[in-house]
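Colleague: Please take a close look at one part of this model for me. I would like to hear about the nonpolar surface patch and what surrounds it in the description.

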Amino acid sequence: MTGTEAIREYEQVITEDRIEKEKSRKKAEQDLLELKSVIKIQAWWRGTMIRKEIGGFRMPKDKVDSKDSKGKGKGKKTGKK
């Protein structure tokens, strides 16, 4: 093998490695995008289930009644003395 052939072979290996790295980077980027999308869809669906009180996402009635509309517990004093 001459010096020119060795250089061509090295260049080919480097080119193939760069192509492989780019493919793996694009796949990782796509996987991350899909994961974010799935999380958004799940959050939307769970919110819909809770708002409509269907499925296994119902809030217990006693916990809902113990708080007023602002989310503060009844009977608790707030403010400065």
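Modeller: What follows starts with the patch, goes on to an aromatic pair and ends with the whole chain. Please keep in mind that the model is predicted.

The patch is made by three residues, Leu 32, Leu 35 and Ile 39, and its nonpolar surface comes to about 280 Å². Ile 39 can be placed in the secondary structure: this residue lies in helix H1, which covers residues 3-52. Ile 39 has a relative accessibility of 48% and therefore counts as partly exposed; the class of exposed residues begins over 50%.

Next come the aromatic side chains. One aromatic pair is counted. The pair consists of Trp 44 and Trp 45, whose ring centres are 5.9 Å apart; the planes stand at 45°, so the pair is classed as tilted. A stacked pair would need planes under 30 degrees apart, and an edge-to-face pair planes over 60. The two residues fall into separate accessibility classes: Trp 44 has a relative accessible area of 53% and is exposed, whereas Trp 45, with 44%, is partly exposed.

As for the chain as a whole, its secondary structure consists of two helices and zero strands. The protein chain has 81 residues, of which 5% count as buried, that is, have under 20% relative accessible area. Its accessible surface is about 8200 Å², and carbon and sulfur atoms account for 57% of that area.

Methods. Residues numbered from 1 in each chain as written. Predicted model: local features only at pLDDT ≥ 70, side-chain atom pairs only at ≥ 80, totals over all residues. Heavy atoms only, no water. Patch = residues over 30% accessible without salt bridge, like charges linked within 9 Å, V, L, I, M, F, W, Y side chains within 5 Å. Areas by Shrake-Rupley, 256 points an atom, 1.4 Å probe, with all protein chains shown as cover. Salt bridge = Lys/Arg side-chain N within 4 Å of Asp/Glu carboxyl O. Helix = DSSP H or I, 4+ residues; strand = E, 2+ residues; numbered from the N terminus. Buried < 20%, exposed > 50% of the residue type's maximum accessible area, 1.4 Å probe, protein only. Phe/Tyr/Trp six-rings, centres within 6.5 Å; stacked < 30°, edge-to-face > 60°.
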